[in-house]
Amino acid sequence: MALFRALTHRSFALLWVGQTISRVGDHLYQVALAWWVLEKTGSALAMGTVLTFSMVPMLLFVLIGGVAVDRLPRVRLLLISDLGRGIAAAGVAWLALSGRLEIWHIYGASLLFGLADAFFQPAYLALVTELTPVSALTSANSLTSLSMQAGRIVGPALGAALVGLGGTTLAFAGNALSFFAAALLVLPLLRLSTAPAPRPSQGMGGIGRDLREGLAVVAGSPILWVTILLFSLTNITLAAPFAVALPFLVKDHLHGDVRTLGLLYAVFPIGYVLGGLWMGRYPRLRWRGLVSYGGAIVAGLGLAVLGANVPLAVILLAALINGAALEVFGLIWTNILQTVVPGDKLGRVASFDMLGSFMLLPIGYGLTGWATEALGPALVFIAGGLLTALITALGLLHPAVRRFD
């Protein structure tokens with residue numbers, strides 16, 4: 001199948017298998033962590049603090065991570081990131097096994113995970129372009145997204161099973177093993193990758209100059225700066241309702257229970273998988289501006305349907321369409337970054353993209369929480385979805401975005 005053509009390149013196949021295992025570990029850890037925090041503290045605030053501790057270092061260091069990705073061999077950065085997270089996860093498991101794990105240990109581990117992500121995410125995006133030819137990039141990106149969705153589906157179920165079998169300690173250990181497995185599979189890439197490593201800048205200085213070079217690439221391409229600017233806003237209107245208001249929508253608007261919530265959580269990634277399977281068939285993407293922005297508009301409208309007074313079957317269909325449409329946008333956007341941005345600047349541009357994507361999310365979470373209590377979850381989904389569609393449509397007013405092929 002055309003979807004799997006990137007796996008014919010051994011280097012990418014090793015990277016993909018390792019990171020698929022790691023992503024399953026990430027999501028089983030989330031389930032075990034939530035259960036541990038619930039048992040240990042009974043505090044939703046503590047869980048929110050854990051998420052904040054993992055996000056803050058990523059936001060603070062992602063631009064430095066982008067510079068490092070363009071200066072240093074990307075395989076080594078991935079290896080160090082996987083090993084570092086594996087050691088941190090193993091420390092959590094050891095403390096849990098010995099009965100000494102405290103909430104501040106979790107906060108510290110979350111800081112380390114966030115710091116590692118600031119280097120890992122731009123390094124992975126840039127490394128894919130080194131390990132696969134342009135004709136296989138859509139396949140590689142689709143497979144990467146499929147591995148993420150597989151992690152979202154398999155990880156929680158495996159995490160719950162491990163917690164039931166041996167407690168949270170066993171699940172924490174499973175997360176550590178997943179990082180070490182990913183590192184083991186990355187090791188051969190130090191030898192197999194034939195692409196030359198990016199040439200480092202002279203000395204340790206010049207970070208500001210490097211960042212200005214990356215920013216100049218973004219500013220010089222309308223498809224880049226318009227998309228990063230607009231989607232820093234739509235991540236609030238689109239992602240925050242899902243993250244904050246969905247449980248309240250199920251309880252107060254749909255009058256459902258945890259099974260209804262679990263069903264909705266499962267339908268979204270299934271939509272992503274369907275979108276990835278469809279996009280992965282194409283060796284070359286056409287009309288990328290119109291199609292990607294159209295996908296985001298459809299995703300916004302699908303989100304708005306969740307707040308409408310319609311049967312549950314319609315809401316499930318809207319959630320499926322939302323996930324598939326977001327996957328269309330996400331895969332095209334990744335392809336744009338990989339084909340428009342020069343390879344020696346891709347790490348920095350990817351870091352600016354990550355900063356734009358996540359910078360306003362903490363504010364969005366807070367506003368969505370307030371709006372959910374003040375206005376009700378249904379209105380939050382309707383307003384969030386319609387605002388997403390409107391903001392995205394504004395981007396199509398720029399001719400360079402509309403005509404981008």
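**Exercise 1. The cavity**

Task: Find how many cavities of 30 Å³ or more the whole structure holds, then describe the lining of the largest cavity.

Solution.
- Step 1. Searching the whole structure turns up 1 cavity of 30 Å³ or more. Keep in mind that this is a predicted model.
- Step 2. Take the volume. The largest cavity holds about 30 Å³ of space.
- Step 3. List the lining. Thr138, Asn141, Ser142, Met279, Leu285, Leu331 and Asn335 line the largest cavity.
- Step 4. Assign the residues to elements. Two or more lining residues come from each of helix 5 (137-186) and helix 11 (312-340). Helix 5 gives the largest share, 3 residues.
- Step 5. Sort by class. The lining has 3 nonpolar residues, 4 polar residues and no charged ones.

**Exercise 2. Two packed helices**

Task: Work out how helix 7 and helix 8 are set against each other, and which residues make the contact.

Solution.
- Step 1. Choose the descriptors. A pair of packed helices is described by the angle between the axes and the distance between the axes.
- Step 2. Read both values. Helix 7 (residues 207-219) packs on helix 8 (residues 222-253) at an angle of about 95°, and their axes are 6 Å apart.
- Step 3. Classify the angle. Angles of 65 to 115 degrees count as roughly perpendicular, so helix 7 is roughly perpendicular to helix 8.
- Step 4. Name the contact residues. Helix 7 contributes Val217, Val218 and Ala219. Helix 8 contributes Leu224, Trp225 and Ile228.
- Step 5. Sort them. The contact of helix 7 with helix 8 has 6 nonpolar residues, with no polar and no charged ones.

**Exercise 3. Positive phi**

Task: Place His255 and Trp287 in the chain and say what is notable about phi in each.

Solution.
- Step 1. Recall the background. Most residues other than glycine have a negative phi.
- Step 2. Check His255. Its phi is positive, about 55°, although His255 is not a glycine.
- Step 3. Locate His255. The residue sits in the loop between helix 8 and helix 9 (258-279).
- Step 4. Check Trp287. Phi is near 50° here, a positive value in a residue other than glycine.
- Step 5. Locate Trp287. This residue belongs to the loop between helix 9 and helix 10 (288-306).
- Step 6. Add accessibility. His255 has 66% relative accessibility, so it counts as exposed. Trp287 has 48%, so it counts as partly exposed.

**Exercise 4. Neighbours in helix 5**

Task: Decide whether Gly159 and Ala160 are buried, exposed or partly exposed, then find the contacts of Gly159.

Solution.
- Step 1. Locate the pair. Gly159 is in helix 5, and Ala160 is in helix 5.
- Step 2. Apply the cut-off. Buried means under 20% relative accessible area. Gly159 has 0%, so it is buried.
- Step 3. Treat Ala160 in the same manner. At 45% relative accessibility, Ala160 counts as partly exposed.
- Step 4. List contacts. Beyond its neighbours within four places in sequence, Gly159 is in contact with Leu28, Val31 and Ala171.
- Step 5. Set sequence beside space. Ala160 and Ala171 are 11 residues apart in sequence, and their C-alpha atoms are 8.3 Å apart. Gly159 and Trp370 are 211 residues apart in sequence, with 31 Å from C-alpha to C-alpha.

**Exercise 5. Two residues and their contacts**

Task: Are His105 and Asp353 buried or exposed, and which residues do they touch?

Solution.
- Step 1. Locate them. His105 lies in helix 4 (residues 103-131). Asp353 lies in helix 12 (residues 346-358).
- Step 2. Classify His105. Its relative accessibility is 17%, so His105 counts as buried.
- Step 3. Classify Asp353. Its relative accessibility is 13%, so Asp353 counts as buried.
- Step 4. Find contacts, not counting residues up to four places away in sequence. His105 touches Leu95 and Arg100. Asp353 touches Ile228, Trp333 and Leu337.
- Step 5. Link back. Ile228 of helix 8 also takes part in the contact with helix 7.
- Step 6. Add a distance. Asp353 and Val69 are 284 residues apart in sequence and 14 Å apart in space, C-alpha to C-alpha.

**Exercise 6. A loop proline**

Task: Where is Pro73, and how far in space is Pro73 from Ala123?

Solution.
- Step 1. Pro73 is in the loop between helix 2 (44-71) and helix 3 (74-97).
- Step 2. With a relative accessible area of 26%, Pro73 is partly exposed.
- Step 3. Pro73 and Ala123 are 50 residues apart in sequence, and 9.0 Å separates their C-alpha atoms.

Terms used. Residues numbered from 1 in each chain as written. Predicted model: local features only at pLDDT ≥ 70, side-chain atom pairs only at ≥ 80, totals over all residues. Heavy atoms only, no water. Axes fitted to C-alpha atoms, helices over the stretch in contact; angles between N-to-C directions. Helix = DSSP H or I, 4+ residues; strand = E, 2+ residues; numbered from the N terminus. Parallel < 35°, antiparallel > 145°, perpendicular 65-115°, else oblique. Contact = heavy atoms within 4.5 Å. Nonpolar A, V, L, I, M, F, W, Y, C, P; charged D, E, K, R; others polar. Buried < 20%, exposed > 50% of the residue type's maximum accessible area, 1.4 Å probe, protein only. 1 Å grid on protein atoms, 1.4 Å probe; cavity = no way out; pocket = protein on both sides within 12 Å on 5 of 7 lines; lining within 4 Å. Points joined across faces, edges and corners; volume = space filled by probe spheres on them.
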